[in-house]
Amino acid sequence: MSDVTWTVRVDAGLCMGSGICAGTAPEVFALEDERARPREERVAAQERVLEAADMCPAQAITVHDGTAVIGPRPD
Ligand code: SF4
């Protein structure tokens with residue numbers, strides 16, 4: 001696995017509890033009271049985290065590499 005770590009955030013005010021993120025990357029996202037949260041703020045860099053951010057219908061997930069926002073990716 002890569003040594004690079006990213007920071008994952010979920011905006012609970014935007015999340016609509018679809019569960020897509022937890023279905024896509026269950027080791028990274030958990031659903032709690034119909035809102036998603038990252039299991040850990042720092043995660044190993046992995047494509048599935050970006051996929052989850054891309055697929056979130058509420059654009060509630062942001063993925064940060066240092067100070068750069070790398071997800072969701074532009075269409
Ligand atoms: S995919 Fe987006 S809206 Fe759905 S549970 Fe995850 S953060 Fe919330």
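This is a guided tour of the structure, with one selection after another to make in your viewer. Keep in mind throughout that the model is a predicted one.

**The four-stranded sheet**

Begin by colouring β4, β1, β5 and β6, which in that order make up an open sheet of four strands with antiparallel pairing. At the edges you will find β4, covering residues 42-44, and β6, covering residues 68-71; each has a single partner strand, so one side of each is left without a neighbour in the sheet. If you turn the view, you can look for the twist of this sheet, since its neighbouring strands are turned against each other by 45° on average when direction is ignored.

**Along β1**

Next select β1, which comprises residues 5-10 and pairs with β4 in the antiparallel sense over three bridges. Show the residues on either side of this pairing: threonine 5 stands opposite alanine 44 in β4, and tryptophan 6 stands opposite valine 43, also in β4.

Then look at how β1 meets β5, to which it is joined by four bridges, the two strands running antiparallel. Which residue of β5 is the bridge partner of threonine 7? Select histidine 64, and you have that partner in view. A little further along, arginine 9 stands opposite threonine 62 in β5.

**From β5 to β6**

Move on to β5 and β6, which run antiparallel and are joined by three bridges. Here you can select valine 63 and see glycine 71 of β6 standing opposite. The two strands form a hairpin with two residues between them, and in the turn glycine 66 has a positive phi of about 65°.

Stay with glycine 71 for a moment, and select proline 72 as well, which has its place in the segment after β6. The peptide bond that leads from glycine 71 to proline 72 is cis, with omega near 5°. This deserves a careful look, because most peptide bonds are trans.

**The second hairpin**

Now select β2, residues 29-32, and β3, residues 35-38, together with the loop between them, in which aspartate 33 lies. These two strands run antiparallel and are joined by four bridges; within the pairing, alanine 30 has arginine 37 of β3 as its bridge partner. Like β5 and β6, they form a hairpin with two residues between the strands.

What is there to notice about the phi of aspartate 33? Aspartate 33 has a positive phi of about 50°, although it is not a glycine. The angle stands out because most residues other than glycine have a negative phi.

**Helix α2 and the loop before it**

Return to the four-stranded sheet and add helix α2, residues 47-55, which lies across β1, β4, β5 and β6 and runs at about 140° to β5.

In the loop between β4 and α2, select glutamine 46. Leaving aside its neighbours within four places in sequence, glutamine 46 is in contact with Trp6, Glu27 and Val28. You may also draw a line from the C-alpha of glutamine 46 to that of alanine 22: the two residues are 24 residues apart in sequence and 15 Å apart in space.

**The ligand**

Finish by selecting the ligand, which sits in the largest cavity. There are 13 residues around the ligand, and those that come nearest are Cys15, Ser18, Gly19, Cys21 and Cys56. How many nonpolar, polar and charged residues does the shell around the ligand have? Colouring the shell by class will show 10 nonpolar residues, three polar ones and no charged ones.

Note on methods:
Residues are numbered from 1 along each chain as its sequence is written. This is a predicted model: local features need pLDDT of at least 70, side-chain atom pairs count only at pLDDT 80 or more; totals for chains, interfaces and linings use all residues. Side-chain values use heavy atoms; hydrogens and water are left out. A residue is near a molecule or strand if one of its heavy atoms lies within 4 Å of it. On a 1 Å grid over the protein atoms alone, a cavity is a set of points where a 1.4 Å probe fits but cannot get out, and a pocket is an open set with protein on both sides within 12 Å along at least five of seven lines; lining residues have an atom within 4 Å of a point. A molecule sits in a cavity or pocket if more than half of its atoms lie within 2 Å of its grid points. Ala, Val, Leu, Ile, Met, Phe, Trp, Tyr, Cys and Pro count as nonpolar, Asp, Glu, Lys and Arg as charged, and the others, Gly among them, as polar. Two strands pair if DSSP finds at least two bridges between them. Axes are lines fitted to C-alpha atoms, for helices over the stretch in contact, and angles run from 0 to 180 degrees between N-to-C directions. Contact means heavy atoms within 4.5 Å.
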